[in-house]
Amino acid sequence: MALFERKIGLRYLRSRKRTGFVSVIAGFSFLGIMLGVATLIVVMSVMNGFRDELMGRILGINGHMAIYPSWGPTLQMDDKMLNELQKVQGIVAVMPILEGQVMVSSNAHSQGALLRGIRPEDFKNRSLLTAGFEGNLADFKDASIIIGYRLAMKMGVLPGDKLNLISPNGNVTAFGTMPRMKSYKVIGTFDTGMYEYDANFIFMPMSEAQKYLMNEGKISQIELFVNQMEHLPFVMEEVKDKLPPSVTLLDWKHSNSAFFNAIEVERNVMFLILTLIIIVAAFNIISGLIMLVKDKSKDIAILRTMGASRRSIMGIFLIDGLFVGVVGTLAGLGVGLLICLNIESIRQFLGRLAGQDLFSAEIYFLSQLPSKTDPMEVLAVTGMALGLSFLATLYPSYKASKTDPVEALRYE
């Protein structure tokens, strides 16, 4: 745009006695676009962080793919098959697991939990479990257990204390099945940062778990870990060729499909809802410019009689609308990125201010509010806001350029 259009356009945005209300509308349009862009960036970043954090923790506890029995709750532990799977190219770890539901009780509390039998060397190779481990891993053998730190807090126990485990898989007597009850020494606690695991999981050495759950020589699943996630489909095809028909192979996406589909649906819905903020702000730009054109009809007529072209008149009002849209978008971009970088600190501050926890781990699974900003999403949000701002200026600017100077001056 020429200097003439820029100078006149920016001057029209300044508040005057007659156009003060128009400037107020422009201000609200600016705030609407800024808040819409900032909110979209923050929400998309939090949803991305939430998904990635959950995925990282789920894959830290569970395998990238797992082999389950096609019939029945357990399958025979076959060392030969485990060795064959370990030889598959791309497989970095093969971990047999035995699971069972138990009741945990102490003097302070009682609740249900998931018992997982695992080989001690496999537990040590789980970086997510060992990173937040408190205790001595060398004691993880025989009649010992490792529990989540939140479960330890509920039970009121520390490493070295004992917990009572009650299993429904007990001995059959004349009076029915008697649950098996046994005390185990807690040799340590783990902290994954995910409430579901930290409050409900118990790990026990495989040999002891098989005895306690009365499944000697059996396992409930075999978890497989790959070195590169992008090669997972190819590795799965090779693994399938080595498996008997009595087992089923599933990857992590199928095992947690309902959970991640729900997150994706929520993310898309939030995007659509928050986009309405920017659309409303764009309508404010339209209404503000229409009022400005109506108010400046005499000025437009005078400019036309002085030789200003229709294109110049259109450019003046395009500058007005685009100024509000571009500045509002850039301000929203800066505010959104600033909030994303300090989202956890802001959450803690607001929590202290409100006197309550605004991100409960019991509800949201994670103990901290995650954020991961995707540059492509930020560009998409910015481009959408700029595009809507530009479209919002076209009609009022076109109407201004079509103003007939004779008609505009006749009624003055």
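**Notes on the predicted model: a helix pair, a short helix and a strand**

1. In this predicted model, helices α11 (residues 257-295) and α13 (residues 310-341) have axes that come within 11 Å and cross at roughly 150°. The crossing of α11 past α13 is right-handed. On the α11 side, I285, L289, L292 and V293 make the contact; on the α13 side, the residues are F317, D320, G321, V324 and G325.

2. Now for α3, which spans residues 79-86. Its buried residues are M81, L82 and L85. They sit on the same side of the helix because the arc they cover around the axis is only 100°. Flip to the face of α3 turned away from that buried side and you find D79 and K80, both exposed.

3. What covers the buried residues of α3? The cover includes three strands, β1 (65-69), β3 (91-105) and β11 (221-226), together with helix α9 (232-240).

4. Have a look at the start of α3 too. D78 caps the N-terminal end of this helix, with one of its side-chain oxygens 3.0 Å from the backbone nitrogen of K80. K80 itself is one of the exposed residues on the outward face.

5. β1, part of the cover over α3, also pairs with β12: the two strands run antiparallel and share five bridges. Within that pairing, P69 stands opposite V247 of β12.

6. Strand β12 (residues 247-251) has alternating side chains. V247, L249 and D251 point to one face and are buried, whereas T248 and L250 point to the other face and are not buried. So you'll find an aspartate, D251, on the buried face and a leucine, L250, on the other.

Conventions. Residues numbered from 1 in each chain as written. Predicted model: local features only at pLDDT ≥ 70, side-chain atom pairs only at ≥ 80, totals over all residues. Heavy atoms only, no water. Buried < 20%, exposed > 50% of the residue type's maximum accessible area, 1.4 Å probe, protein only. Helix = DSSP H or I, 4+ residues; strand = E, 2+ residues; numbered from the N terminus. Arc of directions from axis to C-beta. Contact = heavy atoms within 4.5 Å. Polar contact = N/O pair within 3.5 Å; in protein donor to acceptor, adjacent residues only side chain to side chain. Pairing = 2+ DSSP bridges. Axes fitted to C-alpha atoms, helices over the stretch in contact; angles between N-to-C directions. Left-handed = near helix turned anticlockwise from the far one by under 90°.
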